[in-house]
Amino acid sequence: MTNTPSSSAMSGTLATPAAGGFSRLFGLRKSPTRPPEDTAAKRVQFNSPLLPYLFLAPQMAIIFIFFYWPSVQAIHSSFYLEDPFGFGSTFVGFANYTDVLKSGEYLSIARFTAVFTALVTFFSLAIGLLLAVTADGVIKGNATYKTLLIWVYAIAPPVAGLMGMMMFDQHIGPLVKFAAFFGWDIKVGLYYTDTALAMIVVSVWKQIPYNFIFFLSGLQGIPVSVREAALMDCRSGIRRFWTVTLPLLAPTAFFLLIINTTYALFDTFGVIDVMVKDKAANNPITLVYKVYMDGFRGNDLGGSSAQSVILMVIVFVLTIFQFRFIERRVHYS
Amino acid sequence: MTGLALAFSATSSLAATNITWWHGMAGRNGEVINEVATKFNASQTACALTPVSKGTYEEALASGIAAFRSGEQPNILQVFDAGAATIINAKGAVIPAEDLITKAGYSFDRNAFIDGVRYFYADSEGKFVGMPFNSSAPIMYINDEALKKAGVEAPKTWEEFEAAAPKLKEAGFIPLVQSQLTWQFTENFFSRNNIQFATNNNGYDSVVDTQLKVTDPNLIMMFDKLKSWKDEGYFGFYGAGWNDNQKMFEENKAALWIGSSGSFGGLQKTAQMPFSATFLPYWGSIKGAGTSSFIGGAALFAMSGKSDEENKCVADFFQFLTSPEVQKFYHQATGYVAITKAAYELAKAEGYYKEKPAAEIGIKQLLLPAGEWSKGYRLGFYPQIREIMEREYGRIFAGEVSVKEAFETIEKEGNELLARFAKTAG
């Protein structure tokens, strides 16, 4: 509880577009005006100049221990070649980086990661939005629809991967049998593109409910008066969607774009791990899986540290890009 | 099961010296480890052993390394074959098993161990660094019905297989499947056909400037054959996953399957038809071929940085583990090969192999006459080299690269990794 000021400030930056949407989601539309203590909290004055820092300390400690410290460690060991047990390490300068970037294999994994991230982000956003718009229009039994669409999100990624793997199993997978009906011989684990397809499908499937929740609450946050006004002006539903609904959803969509990109880059690890069953072979993998393979399984600490620093830089650049160039076009009401 | 074993060792640990054992076994094999520990704890009162499963082989090694770096290492760590070079080359991380045992006042007889087991986890003088624990050999399982239907005998050589394959196919079976091309058709190809795998005595002598020799024309020939067998329908390939390939045999769709001697126990439950087993085939055309295969599986390493009392307990446990009765129990419970001659004789005297002849094939193959190159390899970053092989082998069968190109890539990238490892170990 001590860190309330900082946590509300943190979540405020990202979660604003969807805040309040949750309560509306399940029928609490008639929520009263903002509680008074919310505004009062902003007026708190600290008597001692140290006190706010004291309140911040627990949060900062967690961020420092679990984020900054490992990051600094990774940057440090990326400049060394080290035996796994830590008996000796040699400073090698940028050799770990040049080794990684010169490797054709690493570059092709990077290319796949880019394609994979783009496709997973696009399809999970698009399908999530489509389902949200459709569910928003349903009047009868809409709670049932919503629950059915949302609960997939409760599945842990490895479990989702396992279920996906069963669907795509070479011998018993129903999707494989279905494709075979059309003469398409899907063999996940054997053919690069088949494995890639399965990975994308399962990763998208896993993420749709998350996007659905946010889009739906975003949609319900659009004032009824605006919708009614739009309905008077324009008869075409599609045009209304593009000109009125979507721009008003933009803050939610922007937030989801960042979250989904990060998801595709990192959180799909569990899905990939289950899909390639411990043996990547000639199957597609993403950069984060390569870090795991070289670092945890290959015990090459220097090389995998260099890779994770590269990954850190990519995410950093990507986030800055998204905030600078895409957020400009987002209008917060 | 685990809870029971842990509770048991916890109660007996009040006065005793506690030692821990991290391993990478799951399922039935993990349960058997708990049973072995329970037996050890019941056999004496001075030491209390607690086994802890750390997931897979790779995860066990990674956890062991991380723990060692923070000074929290277990007394005993199970390390798999491909990780052997990593731990043996980290001088000071482990106490050689042989030193540990002799220091505890026991005598240690290297000759008590069967031949195929003796070198893989030993240093270049033959001193045991790791204590061989669960050992397996790649052997060929035979679908008896399929061979009878096709009217062929089980092949001893790949030439015999080539002759039998069309008949097996005609009888409606996939003639051949396998489960791990790296272990069965690369590492053991070299040992079974007595061909050099890498310079520096297959890497045993030194890490400096060790180079792979995988562009050997015989190995290229083996994979050219596999590719053409696949194209003709004589060989089925279902990816790098072990079970996807094994399944075809279990379901009575394949005639021959190259698996592990350790697969025997599980196969007895899952195979839908009667089966038997024989040695991994070799090429009759290669001069000097037909030598023994080397040990697969994993070994136990005594980690350094522990008190004398704890080390004494580890030595006691190693001594207990290699006793014929315990070896025989482990061999029969899991299907892994008995590692001492005495245990093998004991199981034989009991008539175990008359009852289950397939259980003997692995040991017999490890007991075949050794050749200069049948003792395996000691290569750094080998888990990563295996990953490169798996990738390129997948590409061969997907028709993306030629066999020769694939092995050139493996040799180039593998040698880069070996050079990198030499720098970390140097």
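Select Tyr141(B) first, and then Ala277(B) in β9(B), which stands opposite Tyr141(B). These two residues belong to a predicted model, in which local features need pLDDT of at least 70 and side-chain atom pairs count only at pLDDT 80 or more, while totals for chains, interfaces and linings use all residues. Residues are numbered from 1 along each chain as its sequence is written, and chains are lettered from A and ligands numbered from 1 in the order in which they are written.

Widen the selection to strand β6 (residues 138-143) of chain B together with β9(B); the two run antiparallel and are joined by four bridges. Strands here (E, at least two residues) and helices (H or I, at least four) are DSSP runs numbered from the N terminus, and two strands pair if DSSP finds at least two bridges between them. Both strands sit in an open sheet of four strands of chain B, ordered β7-β8-β6-β9, with mixed pairing. At its edges are β7 (174-178) and β9 (275-278) of chain B, each of which pairs on one side only. Direction ignored, neighbouring strands of this sheet are turned by 25° against each other on average. While side chains are displayed, recall that in a regular strand they alternate between the two faces of the sheet.

Next, stay in chain B and select strand β1 (residues 17-23) and strand β2 (residues 47-53), which pair in the parallel sense over seven bridges. His23(B) has Ser53(B) as its bridge partner in β2(B). Following the chain from β1(B) to β2(B) leads through helix α2 (residues 27-43) of chain B, in a β-α-β crossover that is right-handed (with the strands pointing away from the viewer, the path from the first strand over the helix to the second runs clockwise). Add strand β3 (residues 76-80) of chain B, which pairs with β1(B) in the parallel sense over two bridges; here Trp22(B) has Leu77(B) as its bridge partner.

Now select helix α10 (residues 217-232) of chain B with α19(B), whose axes come within 9 Å and cross at roughly 135°. Axes are lines fitted to C-alpha atoms, for helices over the stretch in contact, and angles run from 0 to 180 degrees between N-to-C directions. That angle makes α10(B) oblique to α19(B), given that angles under 35 degrees count as roughly parallel, over 145 as roughly antiparallel, 65 to 115 as roughly perpendicular and the rest as oblique. The crossing of α10(B) past α19(B) is right-handed (the near helix is turned clockwise from the far one by less than a right angle). From α10(B), the contact uses Leu219(B), Ile220(B), Phe223(B), Asp224(B) and Lys227(B), and from α19(B) it uses Val403(B), Lys404(B) and Phe407(B); two residues are in contact if their C-beta atoms, placed from the backbone, lie within 7 Å. These residues divide into five nonpolar, no polar and three charged, where Ala, Val, Leu, Ile, Met, Phe, Trp, Tyr, Cys and Pro count as nonpolar, Asp, Glu, Lys and Arg as charged, and the others, Gly among them, as polar.

Show both chains next: 28 residues of chain B are in contact with 27 residues of chain A. On the chain B side, α3 (57-69), α11 (242-250), α18 (382-397) and α19 (403-425) each supply at least two residues, and α18(B) gives the most, with seven. By class, this side of chain B has eleven nonpolar, eight polar and nine charged residues.

Finish in chain A with helix α6 (residues 104-137) and helix α12 (residues 237-267), which pack at an angle of about 135° with their axes 9 Å apart. The contact includes Phe116(A) and Val120(A) of α6(A), and Leu256(A) and Asn260(A) of α12(A). Its residues divide into seven nonpolar, five polar and no charged.
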